[in-house]
Amino acid sequence: MEIGTLLVLETKDPDEEANWEFRCKVIEKNEHYLFIDYPIDNKTNKSAFIPKHKPFTVTYVGSDQSVYSFPSEIVAQVKLNVPALAIPMPEKQHINRIQRREFVRIAAAIDVSVHSLETSSTPFTTVTNDISGGGLSIVLPKGVTLTEGEGLDLWFVLPMESGDYQYINAQSEVVRMLFLENTVQTASLKFTGITKQSCQQIIRFCFERQRELRKKELL
């Protein structure tokens, strides 16, 4: 795990039966510990206090753009160039690789700008039909055609639960073309070039939306 890797910490509040998510990054490491900056609560967008030894799950995107998770806890407060927290360096057998097919895919209408990497066709804007950490599908405007295997450059903005907006640029490839029941044509795309940070933000967005939908189902 590299210095600068973004981490998502998820812990459960047994009293409220709710999951809490925090974001932070690795700022230093040694043989035994990862040192992280103080976590930010994804709901309040403010620094959060996590008690020592309170168990949580860490999720991050590796250098191969796969998603990994492992159980952890805060074991100490330390002073580096800035105040930091120490968590144990995870052992390999405790790190779980999440396959791309396990990415949470959620229905979402997000404005997206599409540029072909292979033709001189005019760029166009549309909306997504769904999105996950591994790719998305878009609604094709009338008169727009794409071909399977075509490379595309995508730009879109994710509205996060905290009120922040995450600006994402990703390269993708057309996997297949589909027609919905109302004859609207969609294109399924897989990401072929995306930063670890952008992938992590998409996954975070999907989990937030999934959690929001589950809350509405319980009302």
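1. Start with Lys 196 and Glu 2: in this predicted model, their side chains form a salt bridge, with N and O 3.2 Å apart. This one ties together distant parts of the chain, as the two residues sit 194 positions apart. Lys 196 belongs to helix H1 (residues 196–218), while Glu 2 lies in the segment before strand S1 (6–13).

2. Neither end of that pair counts as buried, because the cut-off for buried is under 20% relative accessible area and Lys 196 comes out at 25%, with Glu 2 at 46%. Both values fall in the partly exposed class: that goes for Lys 196 and for Glu 2.

3. Next, have a look at Asp 164 and Arg 23, whose side chains also meet in a salt bridge, this time at 3.6 Å from N to O. Here too the pair links distant parts of the chain, 141 residues apart. Arg 23 is in strand S2 (residues 18–29), and Asp 164 is in the loop between strand S14 (151–159) and strand S15 (165–179). Asp 164 is partly exposed, at 23% relative accessible area.

4. Helix H1 has a salt bridge of its own: Glu 208 and Arg 204 pair up through their side chains at 3.2 Å, N to O. They are four residues apart in the helix, so about one helical turn separates them. Glu 208 is buried, with 4% relative accessibility, and Arg 204 is buried as well, with 3%.

5. For the overall tally, the structure contains four salt bridges. Those discussed above include the Lys 196–Glu 2 pair and the Glu 208–Arg 204 pair.

Conventions. Residues numbered from 1 in each chain as written. Predicted model: local features only at pLDDT ≥ 70, side-chain atom pairs only at ≥ 80, totals over all residues. Heavy atoms only, no water. Buried < 20%, exposed > 50% of the residue type's maximum accessible area, 1.4 Å probe, protein only.
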